[in-house]
Amino acid sequence: MTREKITIQHIADALGISRNTASKALNDNAAIPAETRQKVIQKAIELKYKQFAYMETDNLLPRKNGNIALLTTNMPNTSHFGSALISGLEKKISAEGYNLSIHIVRSDERDAGKLPNNFDSTAVDGIVCIELFDAAYSDMITRLGIPAIFIDCAAETDYSSFQADVLLMENEHSIYRLTKQLLDSGYERIGFVGDRQHCKSFHERWLGYRHALLEQDISFDPGLCIMDDDQFFIFETDWMEQRLEQLVQWPQAFVCANDFIAVRLMKALKARGLSLPQDVGVTGFDDATESRIVEPHLTTVHIFSSDMGVRAADMLLSRIRHPQQPYYTAHVQTNVRIRDSAPALNQSAGLSSS
């Protein structure tokens with residue numbers, strides 16, 4: 001016996017609504033309430049109406065609204081790579097039916113191991129941590145039982161036991177390549193500027209710098225470097241000038257942990273009457289807006305920030321859906337940008353100019 005052909009009228013009759021309403025719901029008409037549309041699609045799948053016969057309910061119906069909480073001790077400004085990252089993250093999770101709430105962790109809350117007052121763990125489906133580099137506080141978050149991803153993390157984080165996913169930009173190899181190019185250009189006295197314990201990314205960049213020196217049998221000389229605890233870097237306007245005065249000997253070039261540090265360093269060097277790159281070269285990391293404005297333009301490393309945000313969302317949503325899967329640590333590729341602040345580098349080694 002031939003099975004009766006299913007029509008929109010069958011769907012309408014089964015739900016007790018008009019044929020017109022059912023038709024509009026199936027065509028995603030904005031005038032139809034989301035709840036009604038969900039019921040119509042569900043019924044179309046059950047009755048195997050046309051193309052809906054081959055669709056799974058979970059892949060088609062609107063997802064239940066959820067909440068992703070962003071925790072940070074320092075909300076990224078527009079120059080920080082995190083700003084574009086958050087934008088990419090929010091766009092992705094919004095498309096999946098999640099809202100993004102932002103919670104600033106004050107220093108007293110961090111030190112006391114307390115969550116922000118406006119953070120309700122019972123209303124949170126997942127957590128994104130950015131600019132949150134305190135190891136003890138990070139461990140506390142991982143014990144909440146809520147899926148979490150850290151965008152960068154504490155320098156001392158042990159990936160093998162850390163109970164959360166981690167996403168970073170590629171750090172070590174790009175800084176290795178920049179340092180190696182400086183060495184290949186004849187510069188042996190190269191200093192590193194940045195607190196290697198500030199975060200995992202800074203530590204990996206320092207490792208890239210050390211790797212390049214080690215490969216050419218050049219001993220690491222701390223007298224060429226500025227690696228102090230940088231907690232006062234932002235607040236003390238002459239912090240960099242003071243550190244330059246303390247150098248035991250003068251480097252031919254500085255490899256900086258990020259662009260903000262590099263721009264501050266360039267200002268301090270110019271104040272001493274030095275020319276860049278004729279007297280000393282400087283490189284950064286992040287490809288911040290300032291790197292393209294400062295004179296000379298800063299040789300740096302570009303981060304694909306928005307793509308990192310999308311990737312972070314994918315990792316967190318996967319964790320929410322499959323909480324028992326192994327934890328992941330991932331790096332998103334970066335791109336060295338050769339400009340004018342460092343001695344002429346060999347661009348034939350795959351380094352881009354912009």
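A cavity is a set of points on a 1 Å grid, laid over the protein atoms alone, where a 1.4 Å probe fits but cannot get out; a pocket is an open set with protein on both sides within 12 Å along at least five of seven lines, and lining residues have an atom within 4 Å of a point. This is a predicted model, where local features need pLDDT of at least 70, side-chain atom pairs count only at pLDDT 80 or more, and totals for chains, interfaces and linings use all residues. Residues are numbered from 1 along each chain as its sequence is written, and side-chain values use heavy atoms, with hydrogens and water left out.

**Exercise 1.** Find the largest cavity and sort its lining by class.

*Solution.*
- Start with the count: the structure holds one cavity of 30 Å³ or more.
- Next, its space: the largest cavity has about 40 Å³ (a volume is the space filled by probe spheres set on the points, which are joined across faces, edges and corners).
- Now look at the walls: V193, G194, D195, I226, M227, D228, D230, F233, W239 and I261 line the largest cavity.
- Finally, sort them: six are nonpolar (Ala, Val, Leu, Ile, Met, Phe, Trp, Tyr, Cys or Pro), three charged (Asp, Glu, Lys or Arg) and one polar (the others, Gly among them).

**Exercise 2.** Describe the largest pocket and say which helix gives the most to its lining.

*Solution.*
- The largest pocket comes to about 1,400 Å³.
- Its lining has 41 residues, and N74, E131, F133, H198 and I234 are the closest to the centre.
- Split by class, that lining has 17 nonpolar, 13 charged and 11 polar residues.
- Helices are DSSP runs of H or I, at least four residues, numbered from the N terminus. At least two lining residues come from each of α6 (107–112), α9 (200–215) and α11 (259–271).
- With four residues, α11 gives the most.

**Exercise 3.** Place F232 and explain why it counts as partly exposed.

*Solution.*
- Pick out F232 in the loop between α9 and α10 (239–245).
- F232 counts as partly exposed because its relative accessibility is 42% (buried means under 20%, exposed over 50%, partly exposed in between, with a 1.4 Å probe and protein chains only).
- Then check its partners: F232, I234, F235 and F260 make a nonpolar surface patch of about 470 Å². Such a patch takes Val, Leu, Ile, Met, Phe, Trp or Tyr side chains joined within 5 Å, from residues with over 30% relative accessible area and no salt bridge. A salt bridge is a side-chain nitrogen of Lys or Arg within 4 Å of a carboxyl oxygen of Asp or Glu. Accessible areas come from the Shrake-Rupley method with a 1.4 Å probe.

Conventions
Patches are made of residues with over 30% relative accessible area and no salt bridge: like charges are joined within 9 Å, nonpolar side chains (Val, Leu, Ile, Met, Phe, Trp, Tyr) within 5 Å.
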